[in-house]
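Open the model in your viewer and keep the selection tool at hand. The stops below go from single residues to the core.

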Amino acid sequence: MKILLTGFEPFGGETINPAYEVLKLIPDNIDGHDIIKREIPTSYKSSIKAVGELLESEKPDVVLSLGQAAGAFGLRVEKVGLNLRDANSPDNDDHRASHEVIFEGGETAYYASLPVKAIVKKLRENNIPANVSYSAGAYVCNNLLYALLYLNNKKYENMRCGFIHVPFFPEQIMGKNNIFYMTPDEMRRGIVLAVKAIIENKVDIDFIT
């Protein structure tokens, strides 16, 4: 199985983005499955173009995209992608979106096709803070998640895909109050465990116990 991991470039005045930096620490093979790691532009349009090209060239069986969320407590595994762009902050192309749809004719929302609850269960069992999230916001992270799920439904039906929001690294919280962070090694361990949960669970579990 080929698993594509993506992480965004820095945005919002930050000099690093842990969503991509952690990918540099992930091995190229997990439990016998090939891991492809790529950086994605923090741009509404360019992120969709970049991931579309990756799907064509790499033909992955699984796509797990990562994005930074300053308010995330641990790893936030997203359940829903919404067909909406609406955020006060501009993307890295200086586009500020308001009440925009991502794909005309697309469903209002799509559910992630990864085993969201199974991922959270495995993370918690290994002492990694994690939760299921039912809103990925309406910025570039949700934009990419929705685009992946739209393509999953319309073109790549055998692919599974989803999204995890990650918190800051320690060096990013200087001067910020009450902000949760994870060390690079803890985040690396969490993403590897998430991949293992994806490999182990073709369908999701019903409950997190």
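Where is the place of asparagine 201? Select asparagine 201: this residue sits in the segment after α5. Bear in mind throughout that the model is predicted.

**Asparagine 201**

Show the surroundings of asparagine 201. With a relative accessible area of 18%, asparagine 201 falls under the 20% limit and therefore counts as buried. A polar atom of the asparagine 201 side chain lies 2.8 Å from the backbone oxygen of alanine 197. Not counting residues up to four places away in sequence, asparagine 201 touches Pro115, Ala118 and Arg160.

**Asparagine 83**

Next, select asparagine 83, in the loop between β6 (80-82) and β7 (109-111). Is asparagine 83 buried or exposed? Its relative accessible area is 10%, so asparagine 83 is buried. Two polar contacts can be displayed here. The side chain of asparagine 83 reaches the backbone nitrogen of isoleucine 102 at 2.7 Å, and a polar contact of 3.4 Å joins the asparagine 83 side chain to that of tyrosine 146. Once neighbours within four places in sequence are left aside, the residues in contact with asparagine 83 include Glu100, Val101, Phe103, Gly106, Glu107 and Thr108.

**The nonpolar cores**

Now select Leu5, Leu64, Leu75, Ile119 and Ile164, the residues with the most contacts inside the largest nonpolar core, which has 35 residues. Colour the elements that give two or more residues to this core: β1 (2-8), β4 (62-68), β5 (75-78), α3 (116-125), β8 (130-133), β9 (160-166) and α5 (184-200). Which element gives the most to this core? That is α5, with nine residues.

Centre on isoleucine 119. Leaving aside neighbours within four places in sequence, isoleucine 119 is in contact with Val77, Leu114, Ile164, Ala194, Ala197 and Ile198. Then move to a second, separate core of 32 residues, which includes Ile36, Tyr146, Ala147 and Leu151. Tyr146 has already appeared on this tour, in the polar contact with asparagine 83.

**The cysteines**

Finally, select cysteine 141 and cysteine 161. How many disulfides does a search of the whole structure find? The result is zero. Why is there no bond at cysteine 141? The closest cysteine sulfur, in cysteine 161, is 15 Å from the sulfur of cysteine 141, which is too far for a bond. Seen from cysteine 161, the closest cysteine sulfur is that of cysteine 141. Cysteine 141 is buried at a relative accessible area of 7%, and cysteine 161 is buried at 0%.

Note on methods: Residues numbered from 1 in each chain as written. Predicted model: local features only at pLDDT ≥ 70, side-chain atom pairs only at ≥ 80, totals over all residues. Heavy atoms only, no water. Core = buried A, V, L, I, M, F, W, Y, C linked by side-chain atoms within 4.5 Å. Buried < 20%, exposed > 50% of the residue type's maximum accessible area, 1.4 Å probe, protein only. Helix = DSSP H or I, 4+ residues; strand = E, 2+ residues; numbered from the N terminus. Contact = heavy atoms within 4.5 Å. Polar contact = N/O pair within 3.5 Å; in protein donor to acceptor, adjacent residues only side chain to side chain. Disulfide = S-S within 2.5 Å.
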